[in-house]
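Reader: Could you take me closely through the side chains and their surroundings, beginning with the cysteines and going on from there? I would like a careful, connected account rather than a list.

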Amino acid sequence: MIGVWIGLGVFFLLVVWFISIYNGLVRLRNEKDNGWSQIDVQLKRRHDLIPNLVETAKGYMQHERGTLEAVIKARNAAMSAQGPKQVGQAEGQLGAALQGFFGLSEAYPDLKANTNFLALQEELSSTENKIGFARQAYNDAATRYNNAREVFPANMISGGFRPAELYVIEDAKERVVPKVSFGS
Amino acid sequence: MWEQIRSNERRSLFVLAGMGVLLVATGAALGVTFTGDPEAMIFGAGGALALWLVLWMITVTGGDQILLGMAGAREIEKKDHPQLFNIVEEMTIAAALPKRPKVYLVDDPSPNAFAAGREPGNAAVAVTTGLLAILDRDELQGVVAHEIGHIKNRDVKLMVTAGIMVGAIAMLADMGRRALWMGGARRSRSSSKEENGAQAALMIAALVLMIVAPLLAQLVYFALSRRREYLADASGAMFTRYPAGLASALEKLSGGRAPLADTSSVTAPMYIVPPMRAHGAAAFALFSTHPPMEERVRILRKMAGASYTDYDRAFAAVKGGHIVGERSQREAGQVPRRAAFGAEGALPLAATVATAAAAVPAAEPELAPEARRRQANDAFLTASGYEVRSCGACGATAKIPPSLRGKVKTCPRCSEPYPV
């Protein structure tokens with residue numbers, strides 16, 4: 001009789017253990033997915049802001065048509081990119097184009113005094129930051145999730161949980177800060 | 001909540017448990033002093049827990065609103081101060097909070113900031129207009145990250161729980177001391193000599209506890225608060241990946257501070273720098289809710305990277321010992337520090353390249369402090385319902401108080417009518 005009770009107790013403990021590990025993994029996976037969707041939200045926001053920015057700057061930066069066009073082109077390419085790898089590359093180029101643009105804008109005091117431009121600049125800079133922080137948060141969450149599903153004993157039941165990929169900047173071009181020359 | 005605190009630092013939970021034991025012991029001692037009967041200890045202990053529960057319930061229902069109201073804080077919208085709003089959004093993302101905390105502004109020239117809200121999904125960050133006036137974007141980000149760190153680490157809940165224990169212990173001990181003063185315990189029924197002796201010993205123990213317990217609880221509470229400050233600094237450095245921002249903000253805040261107008265000792269642990277001027281015994285480090293500023297700055301400046309492990313190492317080098325829980329360190333892993341924000345305050349894409357700072361274009365001329373102060377004040381005024389009208393003729397901007405909203409039809413300076 002007592003053997004039955006012990007057996008039942010052990011079984012009960014096993015069930016509780018299974019549930020807690022399973023739920024923990026689900027929670028971490030949701031955190032990770034939420035992190036990924038944050039990156040998407042911010043990328044979209046950046047696409048929405050750029051036309052306004054170019055429109056505002058056009059009047060002041062007539063001699064920089066090339067730069068402005070490069071920004072627009074990079075934005076359109078980023079919007080039509082498909083799949084994580086392509087998106088990553090296109091967004092990286094867009095970021096570089098934007099940095100080049102803001103670097104150049106330093107040379108236009110009238111533009112820098114335009115309140116609309118300043119507001120857009122703050123918006124875009126912040127969006128840029130948010131993209132960075134969203135990547136950071138996603139990678140943190142993905143690392144936690146991967147660790148949790150790999151450690152013993154969770155790895156015995158985590159077969160249904162696929163490992164998460166980390167968001168790494170692959171393009172070497174994206175790793176260097178673009179050079180800005182002010183001409184002479 | 002407990003999981004979060006445990007992974008950050010198990011010691012905080014032990015401290016809290018210790019305070020609970022102290023509370024129960026004080027209650028038991030009170031039971032003895034009132035009745036002189038050792039059996040009453042149980043009732044005293046139960047009463048102490050009941051008192052704590054009641055106080056806790058009172059604070060839980062509507063505590064945040066009381067806190068924000070006491071500080072004179074007003075909720076602002078994005079259009080009132082876009083930069084502050086953006087920074088809070090950025091840090092919400094970095095900390096992966098479920099929801100952006102509400103943003104409050106306090107109209108006070110003394111630079112300070114605090115966090116409120118027991119749950120990360122329902123929290124608030126408040127900064128003073130004086131803070132906005134003196135900090136640049138990186139520094140402001142550091143301060144906001146520290147406050148978001150308090151929210152993420154569940155410090156509000158922890159410190160409120162601990163604060164109520166301190167209050168309950170003080171109340172019980174006060175009651176007990178009064179009872180003794182008024183004539184001591186009722187004579188016990190038994191008259192045997194040993195029992196009387198044992199009873200006297202018990203009474204003396206109770207008396208000592210009544211005197212020592214409130215003081216001990218206070219000291220423990222302050223020590224707990226200081227540890228949570230360090231932890232919030234560590235979280236802030238981790239979220240921004242830029243410890244130098246918070247360090248430089250703390251340096252600015254420590255120089256020549258005036259005390260905040262509306263604060264009380266209850267809310268003090270939630271501020272980034274101690275809101276009240278230290279005087280007398282309060283100037284003594286053991287009775288401070290915050291660690292010394294120079295030490296906080298030194299630790300942040302010493303960090304090799306931006307991870308919890310880096311903070312813990314810097315802490316060990318400056319003060320000795322450990323501050324961040326092992327589990328947090330392990331989970332967060334290696335985190336490189338990033339370079340300073342570039343010209344437009346954006347995170348450089350080469351966030352992992354520490355030398356990028358040199359290649360970043362010249363920094364944008366910072367807004368003059370006067371302009372920043374004005375911007376902050378305007379944000380507070382619009383949040384308080386003021387109407388802002390610009391005159392097309394003379395260029396003057398009038399801020400019209402809520403009571404006269406819509407009633408001012410002409411520019412006060414040149415009497416030109418405002419466009420309808």
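Author: In this predicted model, B:C414 is partly exposed, with a relative accessible area of 29%, because that value falls between the 20% under which a residue counts as buried and the 50% over which it counts as exposed. B:C411, by contrast, is buried, with a relative accessible area of 2%. As for bonds between cysteines, a search of the whole structure finds zero disulfides over all chains.

Chain B also holds an open sheet of four strands, whose order is β1-β2-β4-β3 and whose pairing is mixed. Its edges are formed by β1 (73-75) and β3 (113-119) of chain B, each of which pairs on one side only. Direction ignored, neighbouring strands of this sheet are turned against each other by 25 degrees on average. Within the sheet, strand β2 (residues 102-106) of chain B runs parallel to strand β4 (residues 122-128) of chain B, and five bridges join the two; at one position, B:V106 stands opposite B:T128 in β4(B). Five bridges also join β3(B) to β4(B), but here the strands run antiparallel, with B:A124 of β4(B) as the bridge partner of B:A116. The connection from β3(B) to β4(B) is a hairpin that passes through two residues. Although β3(B) is an edge strand, five of its seven residues are buried, so β3(B) is largely enclosed by the rest of the structure.

From the sheet we can turn to an arginine of chain B. B:R241 is found in the loop between α9 (193-240) and α10 (243-254) of chain B, and at 10% relative accessibility it counts as buried, because the cut-off for that class is 20%. The side chain of B:R241 reaches the backbone oxygen of B:M238 at 2.8 Å, and it also makes a polar contact with the side chain of A:D140, at 3.5 Å. The contact with A:D140 thus links a side chain of chain B to one of chain A.

A:D140 brings us to chain A and its aromatic residues. A search of the whole structure finds nine aromatic pairs over all chains. In one of them, the rings of A:W36 and A:Y138 have their centres 5.1 Å apart and their planes at 65 degrees, so the pair is edge-to-face. Since A:W36 lies in helix α1 (residues 2-58) of chain A and A:Y138 in helix α5 (residues 115-150) of chain A, the pair ties together parts that are 102 residues apart in sequence. The two partners differ in their surroundings: A:W36 is partly exposed, with a relative accessible area of 33%, whereas A:Y138 is buried, at 7%.

A further edge-to-face pair is formed by A:F101 and A:F102, with 5.3 Å from centre to centre and 65 degrees between the planes; A:F101 is buried, as is A:F102. Elsewhere in chain A, the residues A:F18, A:Y22 and A:F161 form one aromatic cluster. An aromatic ring can also meet a charged side chain, and here A:K32 lies over the face of A:Y145, at 5.3 Å from the ring centre.

Notes:
Residues numbered from 1 in each chain as written. Chains lettered and ligands numbered in written order. Predicted model: local features only at pLDDT ≥ 70, side-chain atom pairs only at ≥ 80, totals over all residues. Heavy atoms only, no water. Phe/Tyr/Trp six-rings, centres within 6.5 Å; stacked < 30°, edge-to-face > 60°. Buried < 20%, exposed > 50% of the residue type's maximum accessible area, 1.4 Å probe, protein only. Lys NZ or Arg CZ within 6 Å of the ring centre and 35° of its normal. Polar contact = N/O pair within 3.5 Å; in protein donor to acceptor, adjacent residues only side chain to side chain. Disulfide = S-S within 2.5 Å. Pairing = 2+ DSSP bridges. Axes fitted to C-alpha atoms, helices over the stretch in contact; angles between N-to-C directions.
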